[in-house]
Amino acid sequence: MSLDPSSLISSFLVLPRNRLSPSGSVPNTWYFSIRHVPLDPPGSVLLLLNPASGYVHVEGPLPPTSDTESLAVRANIIALLLMKSFVGSLGGAASVGRPWEWKTDDAEMAGAVGECLKGMGVGDGLETISVVGEDERRSGEEEWQKFLQSLVNVVDNSESSA
């Protein structure tokens with residue numbers, strides 16, 4: 001899927017938006033954070049987590065130079081990856097629509113990504129990103145560790161069968 005900003009934004013803005021996830025059983029709230037992948041080659045990805053369901057989606061990798069870029073450049077990359085995630089149905093076949101709410105664990109990044117989204121024409125409250133509480137932050141860390149361990153296991157298994 002292309003990261004052409006204008007078509008990505010247009011595609012994102014026409015997605016339906018509901019308070020509940022498509023299952024109708026949990027809030028359509030998504031926690032995101034940048035996570036480092038300590039594999040060879042190392043890199044960073046955008047972790048998305050629905051805290052109520054435990055559903056994890058990962059986008060990326062982020063450009064290798066993103067760690068040294070300004071906050072505004074990193075926020076722009078994250079805003080585009082957030083929209084790409086939902087335009088791409090979080091990697092599934094069925095549309096999940098737009099989220100009802102986004103949260104993150106970095107207050108400075110929340111403001112910067114929100115400003116990027118607002119500048120891209122994203123509204124309806126999605127330009128206002130909340131900061132997660134301690135329980136959600138801890139849940140995000142636990143889900144990331146599970147995901148990372150699964151990734152390490154896949155890499156280890158592929159290397160041992162090669």
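Guide: Contact means heavy atoms within 4.5 Å. Keep in mind that this is a predicted model.

Visitor: Which residues is Lys103 in contact with, leaving aside its neighbours within four places in sequence?

Guide: Start with the place: Lys103 sits in strand β4. Now set aside the neighbours within four places in sequence. The residues in contact with Lys103 are then Thr29, Trp30, Tyr31, Phe32, Ile129, Ser130, Val132 and Glu136.

Visitor: Does Lys103 count as buried or exposed?

Guide: The cut-off for buried is under 20% relative accessible area. Lys103 has 16% relative accessibility, so Lys103 counts as buried.

Visitor: Which residues in helix α1 are buried?

Guide: Helix α1 spans residues 5-13. The buried residues cover an arc of only 95 degrees around the axis, so they lie on the same side of α1. What covers them includes α2 and β4. The buried residues are Leu8, Ile9 and Phe12.

Visitor: Is Ser7 buried, exposed or partly exposed?

Guide: Ser7 also belongs to helix α1. Buried means under 20%, and exposed means over 50%. With a relative accessible area of 33%, Ser7 is therefore partly exposed.

Visitor: What distance separates the C-alpha atoms of Ser7 and Leu48?

Guide: Along the chain, Ser7 and Leu48 are 41 residues apart. In space, their C-alpha atoms are separated by 22 Å.

Visitor: At what angle do α1 and α2 pack?

Guide: Two packed helices are described by the angle between their axes and the distance between the axes. For α1 and α2, the axes are 9 Å apart. The handedness of their crossing is left-handed. The angle between α1 and α2 is about 55 degrees.

Visitor: Are α1 and α2 parallel or oblique to each other?

Guide: Roughly parallel needs an angle under 35 degrees, and roughly perpendicular needs 65 to 115. α1 and α2 pack at about 55 degrees. α1 and α2 are therefore oblique.

Visitor: Which residues in α2 meet α1?

Guide: On the α1 side, the residues are Pro5, Leu8, Ile9, Ser11 and Phe12. By class, the contact of α1 with α2 has 8 nonpolar, 1 polar and 1 charged residues. On the α2 side, the residues are Leu80, Met83, Lys84, Phe86 and Val87.

Visitor: Are α2 and α3 parallel or perpendicular to each other?

Guide: Helix α2 covers residues 71-87, and helix α3 covers residues 107-119. Their axes come within 8 Å and cross at roughly 65 degrees. An angle of 65 to 115 degrees counts as roughly perpendicular. α2 and α3 are therefore roughly perpendicular.

Visitor: Is the crossing of α2 and α3 left-handed or right-handed?

Guide: α2 takes part in two crossings described here: α1 passes α2 in a left-handed one. The crossing of α2 and α3 is right-handed.

Visitor: Which residues in α3 meet α2?

Guide: From α2 come Leu71, Ala72, Arg74, Ala75, Asn76, Ile78, Ala79, Leu82 and Met83. The residues of this contact divide into 12 nonpolar, 1 polar and 2 charged. From α3 come Glu108, Met109, Ala112, Val113, Cys116 and Leu117.

Visitor: Which residue does a cis peptide bond join to Asp40?

Guide: Look in the loop between β1 (29-37) and β2 (43-50). Omega of the bond is about 0 degrees. The residue joined to Asp40 is Pro41.

Visitor: What is omega for the peptide bond from Gly60 to Pro61?

Guide: Pro61 lies in the loop between β3 (55-59) and α2. The peptide bond from Gly60 to Pro61 is cis. Its omega is near 10 degrees.

Visitor: Which residues does Ser66 touch, not counting residues up to four places away in sequence?

Guide: Ser66 is in the loop between β3 and α2. At 3% relative accessibility, Ser66 counts as buried. Beyond four places in sequence, Ser66 touches Arg74 and Ile77.

Visitor: What is phi of Leu90?

Guide: Leu90 lies in the loop between α2 and β4. Leu90 is buried, with a relative accessible area of 4%. Leu90 is not a glycine, yet its phi is positive, at about 55 degrees.

Methods: Residues numbered from 1 in each chain as written. Predicted model: local features only at pLDDT ≥ 70, side-chain atom pairs only at ≥ 80, totals over all residues. Heavy atoms only, no water. Axes fitted to C-alpha atoms, helices over the stretch in contact; angles between N-to-C directions. Helix = DSSP H or I, 4+ residues; strand = E, 2+ residues; numbered from the N terminus. Parallel < 35°, antiparallel > 145°, perpendicular 65-115°, else oblique. Left-handed = near helix turned anticlockwise from the far one by under 90°. Nonpolar A, V, L, I, M, F, W, Y, C, P; charged D, E, K, R; others polar. Buried < 20%, exposed > 50% of the residue type's maximum accessible area, 1.4 Å probe, protein only. Arc of directions from axis to C-beta.
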